[in-house]
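Hello,

Here is the structure I promised to pass on. Please open it first, then read my notes below.

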Amino acid sequence: MTNRPNIVFITIDAWRYDAFGPAPDKHWLDRYGLSSKLHTPNLDRFAAESVYFTQALASAPHTTVSHASIMTGLFPPQHGVRSFFYERLPMEVKTLAEVLGEAGYLTVTLREAEDPGEPGILQKVDVLRGFEATINDLRHLTTLGQQAMADGRPVFAFLHLWDIHAPYLYSNWAKQNGCLDALWLKVSSLAEKWGIDPPEPSLLSEKIMMDFQRRVAERIPDVVGRIEMLFDWYVEGVTWFDRHRWPVVENILKESGLWENAIIFVYGDHGEGVHPDGHGIKVFNHGQSLLDDVLRVPLLVHGLPDTTPKIIDEQVSLVDLVPTVLKLLGIDPSESLGDSGLHELGGHSLLPRVNGQAYDRPPPLHFAELCQGGPDFTLAQPSPQYLYQRCVRGNGYKLLCHDGPVLMQRYSSWQDRIHRLGRKLVRKLGQAQEPHFIEDRATCRQLYWTDLQADPDELEPHHWQQDVPAEAIDLRAAVETLYQSAIRGPAIDTSDFDESAVLQRLAALGYVE
Ligand SMILES: [Zn+2]
């Protein structure tokens, strides 16, 4: 029993695929002159001791849905969490924490919130079901880990780190640990440059910082200038994270006994990206598209037994984490997660790839989904807020099924995007009626395919009518198979929590006004 390894999942929220040293492709950073500003020696060293997957993909471009996939090993239409903040995980879909808890693991999750009493978005979506302990300070992991070792219990720890998420250079951890010098330098220089009052230090919060970031963006007349400002701030945030936060995380894992006999998975839950849209307007954030720029993330696996560090360039998915853990521990997924057959199309263990073994079936495809929609949406009268995209990626191609007003959203500015998203979320929270989602594949208005080798930035997706290659036809068949049994979880229960607290948190993260 005691020989079973500890398992650690570390989400670095909004960590894009090229935002650390060893990333092989930094053309986006180069385009904005940011490669030389990125310094991540500590993460680089961790990567050099790990198996590093350069082509890992998230199954959604935002936190909640992506984590539902990370914790279940299933894609969104399989686990039922489809929208950013509407459905919760159905009870019949098991989480890794439940499975490992049943196997005797101490399961612990970290939540570093401004107000520890506030409801967390992952808790509300029920993605953290099964965790035995929740800590609000990473230092508490030391006692828990040492006690578990004394009791002969292995540990499954999930650490969700928000430090590089917007507003960049700011996090609750940074504030509580007096680590805001870099932020103030940034704020002072931007405030001076654009003639804006800086925030009052004693009142500093996520919300106040998001407001400041928005005010700066509003002053910049052109969209490219806004991207430059935000991308630069983001990269500084990653550099800051590497220097100040990551070493603390490593030290605590070592003190807790969760380093030596542990398999540590480190990844972004999604990226943060530059989005070209149908009108040539660009923005820098996440949650708005299924472009690789925001779906691709770093994935590092540290401590795999009998494995030398290596770099693997094959496409993998964050839904592969659960099957990998189950395989390592000798747990049968069909017994632990329910033998629904869904895992045939869900995640696959990463171990064959790590060990250079051939798959006994074609290389797994990756699916991702983005649902945004008002409750009043119908196909006949689409609301301007409605956007429903699904994509499948594999064999060098990507297929995008799009329902919505235009291919990309028709928002005229970064500010408009935030406002629109805000109204949508407020309406969702205020209405019991369920949004109307289209599951009928035949009603897809627009279908696009992209040859990722020829067009890696997905700037000119082809309409389905244009000389569709066989690979794309295969992808379409895979989407149809996956969506034949698509499910949606029940709506989030809003009766037991203070909506204003949730809205405050969403506002602090920049999702609502
Ligand atoms: Zn996230």
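**What I found**

Start at Ser50, which stands opposite His302 in β9. Ser50 and His302 sit where two strands meet: β2 and β9 run antiparallel and are joined by six bridges. One caution before going on: this is a predicted model.

**The overall picture**

The protein has 18 helices and 15 strands. Of its 513 residues, 48% count as buried. Take the contacts between residues at least 6 apart in sequence: 76% of them join residues at least 24 apart.

**The eight-stranded sheet**

β2 and β9 belong to an open sheet of eight strands. Its order is β4-β3-β5-β1-β6-β9-β2-β10, and the pairing is mixed. Which strands are at the edges? They are β4 and β10 (310-317), each of which pairs on one side only. From one strand to the next, the twist averages 20 degrees.

**Helix α7**

α7 covers residues 140-151, which makes 12 residues. From first C-alpha to last, α7 reaches 17 Å. That is close to the 16 Å expected at 1.5 Å a residue. The helix lies across β3, β4 and β5, and runs at about 175 degrees to β3.

Which residues of α7 are buried? Leu141, Gly145 and Ala148. They cover an arc of only 65 degrees around the axis, so they are on the same side of α7. Their cover includes β3 (106-110), β4 (133-135), β5 (155-161) and α11 (223-255). On the other side of α7, the picture changes: Thr143, Ala150 and Asp151 are exposed there. After the helix comes Gly152, with a positive phi near 75 degrees.

**Helix α2**

α2 spans residues 41-48, and its buried residues are Leu43, Phe46 and Ala47. Seen down the axis of α2, these residues fall within an arc of 100 degrees, so they line one face of the helix. What do the buried residues of α2 pack against? They pack against β2 (50-57), α11 and β9 (296-302). β2 and β9 are the antiparallel pair from the start of these notes. α11 also helps to cover the buried residues of α7.

**Strands β11, β12 and β13**

Next, look at β12 (residues 387-394). It is mostly covered: seven of its eight residues are buried. β12 pairs with β11 (residues 366-372) in the antiparallel sense, over seven bridges. In that pairing, Gln372 has Leu387 in β12 as its bridge partner.

β12 also pairs with β13 (residues 397-403), again antiparallel and over seven bridges. Here Arg390 has Cys401 in β13 as its bridge partner. β12 and β13 form a hairpin, with two residues between them. Asn395 is in the turn, and its phi is positive, at about 55 degrees.

**Thr450**

Last, find Thr450 in strand β14 (residues 446-451). Is Thr450 buried or exposed? It is buried, because 24 other C-beta atoms lie within 10 Å and 20 or more is the cut-off.

What does Thr450 touch, leaving out residues up to four places away in sequence? Its contacts are Tyr397, Lys398, Asp455, Glu458, Pro461 and His462. Tyr397 and Lys398 fall within β13, given its range of residues 397-403. Thr450 and His462 are 12 residues apart in sequence. In space, their C-alpha atoms are 6.2 Å apart.

Best wishes

Methods. Residues numbered from 1 in each chain as written. Predicted model: local features only at pLDDT ≥ 70, side-chain atom pairs only at ≥ 80, totals over all residues. Helix = DSSP H or I, 4+ residues; strand = E, 2+ residues; numbered from the N terminus. Buried ≥ 20, exposed ≤ 12 C-beta atoms within 10 Å, placed from the backbone. Contact = placed C-beta atoms within 7 Å. Expected span 1.5 Å × (residues − 1). Arc of directions from axis to C-beta. Pairing = 2+ DSSP bridges. Axes fitted to C-alpha atoms, helices over the stretch in contact; angles between N-to-C directions.
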